[in-house]
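Trainee: Please show me the model, and then let us go through its fold and surface.

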Amino acid sequence: MTQRTVLVTGGAGYIGSHACKVLRSAGYLPVTYDNLVTGWRDAVKFGPFEEGDLADRGRLDQVFEKYAPVAVMHFAARSLVGEAMANPGLYWRSNVLSSLTLIEAAVASGCLNFVFSSTCATYGDQDGVVLDEETPQHPINAYGGSKRAIEDMLTDFGASAGLNSVIFRYFNVAGADPESEVGEFHRPETHLIPLMLDAIDGKRPALTLHGTDYPTPDGTPIRDYVHVMDLVEAHVLGLEWLEAGKGSRVFCLGTGSGFSVREVVDQARAVTNRAVPVVEGPRRPGDAVKLVSGSARAEKELGWKPTRSTLPEMIADAWRWHQSGHYER
């Protein structure tokens with residue numbers, strides 16, 4: 001039997017590379033399509049690599065013709081909120097226009113199954129609410145706005161061309177492949193757990209706590225974290241949902257409770273048995289007290305549960321990768 005191919009955009013990045021590993025384990029052939037602006041060639045280990053930009057329709061057409069994928073799994077995106085606030089045009093071009101080109105190329109090739117990695121940033125400032133698929137979407141920056149626009153495009157192409165899509169919305173991704181074949185490696189790094197591990201390792205002076213006077217049990221804000229392996233396994237379940245002919249669907253992925261920044265720091269100290277250098281700073285403008293998502297629909301309809309998304313497991317897997325894993329340009 002011919003191995004079913006999935007085109008994975010952003011497959012050289014953090015989440016995309018883990019998705020490729022899980023896709024291969026599930027019997028698919030993941031083909032990474034990435035321009036290596038933020039991805040790493042060294043992270044492409046589980047299937048073919050096709051270098052290219054999503055804005056390049058001719059290159060996309062070549063790749064669709066070469067591999068005839070049964071689905072697209074779309075991770076490629078710019079995703080820094082600060083950058084999106086400062087340069088919204090970059091996000092509308094890089095995320096929205098490129099995704100439109102990708103969707104049109106997929107439809108033209110007859111590839112009508114599309115798994116989209118969206119974000120809970122489409123909901124905007126929903127402080128203290130456990131988000132679900134019916135929560136109103138009011139994005140407050142070009143990152144959330146661009147992802148919401150892509151969701152709308154998928155709906156429109158579903159109506160016009162029969163494109164079937166599964167959309168996943170989630171907050172923070174953490175951890176790494178337990179076997180450390182791939183992991184999280186950003187330059188520059190902006191995520192809490194790797195920044196904290198850098199501080200433990202002496203690669204930066206300290207981790208800054210941005211605000212310690214929030215109305216939470218320990219004064220620090222609460223955020224939802226999902227283990228990267230839980231997350232990408234959900235994406236494979238979404239692909240299987242589409243291949244079973246179940247149609248388009250939106251799923252939120254989260255723990256429903258979240259963890260405070262101090263809880264993350266305390267767990268890192270316990271897991272690594274090392275001190276965590278910390279300095280306290282002022283709140284950042286616009287930071288919410290508590291941002292979390294539920295996952296009741298994903299649990300009920302996909303059979304998905306975030307079994308690895310505990311702080312000890314996420315930090316232990318991240319620490320294991322952090323001690324030995326890196327990529328070179």
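**Fold and surface**

Mentor: What share of the 329 residues of the protein counts as buried? This is a predicted model, in which local features need pLDDT of at least 70, side-chain atom pairs count only at pLDDT 80 or more, and totals for chains, interfaces and linings use all residues. Residues are numbered from 1 along each chain as its sequence is written, and side-chain values use heavy atoms, without hydrogens and water.

Trainee: Buried means under 20% relative accessible area, with a 1.4 Å probe and protein chains only. By that cut-off, the buried share of the 329 residues is 55%.

Mentor: How many helices and strands does the protein have?

Trainee: Both are DSSP runs, numbered from the N terminus: helices are H or I with at least four residues, strands are E with at least two. The count is ten helices and 15 strands.

Mentor: What is the radius of gyration of the protein?

Trainee: The radius is taken over C-alpha atoms, and the globule rule is 2.2 Å times the number of residues to the power 0.38. The rule gives 20 Å for 329 residues, and the protein's value is close to that, so the protein is as compact as a globular protein of that length. The radius of gyration is 19 Å.

Mentor: Which strands stand at the edges of the open sheet 6-15-10-13?

Trainee: Two strands pair if DSSP finds at least two bridges between them. The sheet has four strands with mixed pairing. Each edge strand has a single partner strand, so one side of each is left without a neighbour in the sheet. They are strand 6 (130-131) and strand 13 (259-260).

Mentor: Which residue in strand 15 stands opposite Val130?

Trainee: Strand 6 runs parallel to strand 15 (residues 290-293), joined by two bridges. The residue opposite Val130 is Val292.

Conventions
Buried < 20%, exposed > 50% of the residue type's maximum accessible area, 1.4 Å probe, protein only.
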